[in-house]
Structures are given as C-alpha cells and as structure tokens.
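Reader: I've just opened this one and I'm a bit lost. Could you walk me through it?

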Amino acid sequence: MIAAFTWTEFAEQIVSGLADGSVYASLALALVLIYRSTRAINFAQGEMATFSTFIAWSLMNHGFSFWAAFPVVLAISFAGGVLVERVIIRPVEKAPVLTIVIVTLGLALLLNGLMYVIWSGGDRSFNGGFSSRTIKVAGAHISIQYIGIIGVLAALLLVLGLFFRFTKLGLALRASALNPESSRLVGIRVGWMLAFGWGLAAMVGAVGGMMVAPLQFLGPNMMQAILLYAFAAAVLGGLDSPVGAVVGGLLLGLTIDLLGRYVGYIGSTLKLPAALLLILVLLLFRPGGLFGRVAERRV
Amino acid sequence: MSLLELRDVEARYGPVKALQGVSLDVGEKDFVAVLGANGAGKTTTLRAVSGTVRRSGEVRFAGKKVRTPEGAARAGIAHVPEGRGTFAELSVWENLRLGAYTRRANLNEDAARVFGFFPRLQERRDQQAGTLSGGEQQMLALGRALMARPRLLLLDEPSLGLAPLVVKEIFETLVKLNEDEGTAVLVVEQNANIALASASRAYVLEVGRVVVEGASDELRANESVRRSYLGY
C-alpha cells in the first residue's frame, strides 16, 4: 500500500527529512566529540543544548536579533562546556566510564531543574533566524526555514572540518582523542584538550537547539526526544566517527520522514520504531556502525 | 653539570618495584646506552625521565625538575616510547606536525631535515602511519621526535623487530645526529652489540639497579658483561 506519489512532494519530503536530520546530526556530532575523548555518552547533551537555547531566548528578549544572539550564545556555550568539564567531569576523569555516565545524567537533571527555576518552565515560542514562508522551486513548496537549517549545518561542518584538518589545535584535539599518552609526550596538554572538546560539543549542540526551537516550542524538555534520535544517529554512524554521526543523523531524518509518508501502514505513529528497527538490522551486519572502523595496523 | 641527572629514582607499578634507586647521568652531547635483560627496568628508566610512570627521587633536566610528560617535551626531551608512540590513524605528515607541537618554527624546514635523514617518509607523506612497515614506523617515530629539535632523545629499543640492515641505518642516523648536531641520546637496547658500538658510555641494569657503568670500550672488555649481554 503506497500513497499517491508525486515528484514535487517527494522533493518536499526530502528537504524536511534533511532538515530534521540536520538537527539530529548536530546533536549526534556533539555526542561523538565527547565520546571520542572521554569514552562516555554525555546524557546531558540535550539539556546543555536547551540551556543554550534559553540563553538565546533571553538575549532576544533583551533586544538582540537572532543573528546577533547566535555568536554570543556560541561563545557562552563554549565557555560553559569547558567549565562543565573542568568542574564536574575532571574529578571523575579516571573513574570507570559508568561513573562518568552517571555524572552526566546528574548534570542533565541539574540543568533541567535550573531551567525550571530560571525560566520557570513552560513552553514558549522561539523565533528563529529564518522566515517560515515557503518558496516555489520547480513546482515544489520548499520551506525557507528548512533550507536555512540545512545550510547552517553545512556551514558548521565545513568550519569544523577545516579546523580539525588544518589547524594545530585541531590536530592536537584529534591526537589527544586517539592516543593521550603519546600526545602528552609531544607536549600536548591533554587535560585542556578534553575541556576544549566539551566546549566544542556544547557549541555544536547549541546550534542544534537554536535550529530546532522554532520548529517546536522552547521548553526545558525540548531536546529529550531529539537526544534519543541523536543517540541512534551516532550509533548508526559509528560512535567514533564525526562524519558517521552526521551521515547517521541525516539518514535517520530522511528515513523517518519517508517511511511516515510513503509506507501506508507505518504512517506517522510507527515511523520512529520502524526507523529504529532498520538501524537494529543494520547494526547486526555492521556492529561498528557505518563509519566505525578499526585502523589497519602492522607491526 | 650534566644535562640529565637521575638520583636514587624509584618507580613502581602497583606493588611491583621496577626501579630501586637508579642514578644516572647524560651529559650535553653525550650518547649513552642502557643495557639489561627483560624486566631489568630499562623501559621504566626512560619512563621515569619523561614522567610517564609514578616515581620518587630526583629527575633533573638542564638543572630543572621534570614533573610531567608534557613538561618534559616542552623542556626539550623527545621520548620515543616502547611501541613507538606514533599515531596509527593519522598520516605521516600529521605525525610530523605533532612532533613540532611545542615549537613555533618553520614546519617545512624541519620536515625537509627529517626527510633528508629518511627519504622514505617523504614518499609516504600522506599515508596512514599504521600502514607503514615496521622499519618505516621506527623512522617515523624518530622523525617525529626530531621535529621537536630536542636537546635529548630517549629511545626505547629502536631495534625491536627490525631487519639488521634497518637497525644499522637507524643507529647510523643516531650517531650522525649526535656528532653533527650535538643532540644527546639515551638509548635502551637489548641489542648490546650495536648499542655499545654507537654509544660512548653505558649502564647495565639488573632488577631495577645499576650494576655496571662505564665507557663502552670498558664494558665490552668486561668479562661478565661480555658473557651476559654480548654473547661471545
């Protein structure tokens, strides 16, 4: 049972799927950035992103435009991420991974509570940086907001990619994640690299939060469902691979959208479980995820 | 005053004492070898210098206490550890870039010098380090250390698992480096023959203690050293 198919509608579905996927991808990327160096899943990633988005909301209430608030929020998020690592993660850095995971869970609860205290909870509307109108491209109605979200993610990836590939700091971050002991032997201060990684992750998550908030309402629990999708995306891509996280996020967004629209008996109620089932099947064949690979080694 | 001074250095892994009071000196422009059987504490001695093992006693480099591995690197010590410490997932070029991490110098100039020593690395510049042959990986480890323009090189068994010709090439490079540029070398070796042929002085370790020390020629003439380590 396949619903009526038109190419214009298919194009619209692709764009909305990619836009949703971009949000999952940004959060998945944040998870991977931390996982690579800390070997733990940061359960507070969603709450950190929501917190950043609330800061953006406050700034916009004080006369900032969205695009003026955007860089300020990124800077604050970065500093916040570094602070979290130094103050909360550092003391348990050498503890078993499970301890770190529990600490991030505690951090999630703490941030969630703080948001209720500071912004008194409640869902509120959030005006993003893009018009909610649509434009007509070859007969298809394409949302400017969706295109904007995809564009922002693409720009973010480009900047991060250049940073990791061509700067000394980016290389040092990668080296610290791959081999902390050797990194220290070449003079890298690995402890600070960890903190820097948390800062970057907080920043990337904040971008996701500010992109998704206009699509729904802004509330302390805004990212909780999205964090689950981001976990799925990160596992799909391979927890070790930033590229994998992004591809995983986009694929998940597309799959959920297309399944919901085109496979009749799945529809909007079953699209999520169906997508997760697909991931499960894929992981049976590639346990490391799509991009989780082991480097070839010779002695 | 020597460049590197170890005084009564002790180190342990959990309950096992690996070093029980080692004292050792490496002078400016010196080439020193550390010999000994497996488990004698050779690797731990190097790790004590760079601070990659918990230790007590005194480790001074150029008169200053060495505390952390990153501190040692910044002070001018380049440690090529057991297992070489290269980044298998990164390219040869990225490994070399990391070697120069503590310096603000001209990367290309330093790289040209390393490629002068090891032309093979230039050919493999963009290859993943983990895919190099064992000899090439040892060259990369040494090349990466040279990128830091160290005052002291610490080498842990550079001959391990390599063909005799490659071993010869690597030790020739070390001697050249030591003679032409005055880089001090502290090398730990199982292969006592080649180590004594290259170094001017040597220490012999047994269960975490220095049992013999002296000029390489004296050690080669020493009856027990000859029988235990040189095999003739």
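Author: Sure, let's begin with a pair of strands. Strands (E, at least two residues) and helices (H or I, at least four residues) are DSSP runs numbered from the N terminus, and two strands pair if DSSP finds at least two bridges between them. In strand 2 of chain A, A:A140 is the bridge partner of A:V137. This is a predicted model, where local features need pLDDT of at least 70, side-chain atom pairs count only at pLDDT 80 or more, and totals for chains, interfaces and linings use all residues. Residues are numbered from 1 along each chain as its sequence is written, with chains lettered from A and ligands numbered from 1 in the order in which they are written.

Reader: In what sense do strand 1 and strand 2 of chain A pair?

Author: Antiparallel, over four bridges, with strand 1 at residues 134–137 and strand 2 at residues 140–143. Two residues sit between the strands of this hairpin, and A:A138 takes a positive phi near 50°.

Reader: How many residues does each chain give to the contact?

Author: Contact means C-beta atoms, placed from the backbone, within 7 Å. Chain A gives 19 residues and chain B gives 25. On the side of chain A that touches chain B, helix 6 of chain A has the largest share, five residues.

Reader: And which residues touch the most other members of the largest nonpolar core?

Author: A nonpolar core joins buried Ala, Val, Leu, Ile, Met, Phe, Trp, Tyr and Cys residues through C-beta atoms within 7 Å; buried means 20 or more other C-beta atoms within 10 Å of a residue's own. Here the core has 162 residues, and A:A28, A:L31, A:A230 and A:A233 touch the most other members. Helix 8 of chain A (residues 190–212) supplies the largest share, 16 residues.

How values were computed
Two residues are in contact if their C-beta atoms, placed from the backbone, lie within 7 Å. A residue is buried if 20 or more other C-beta atoms lie within 10 Å of its own, exposed if 12 or fewer, and partly exposed in between; C-beta atoms are placed from the backbone.
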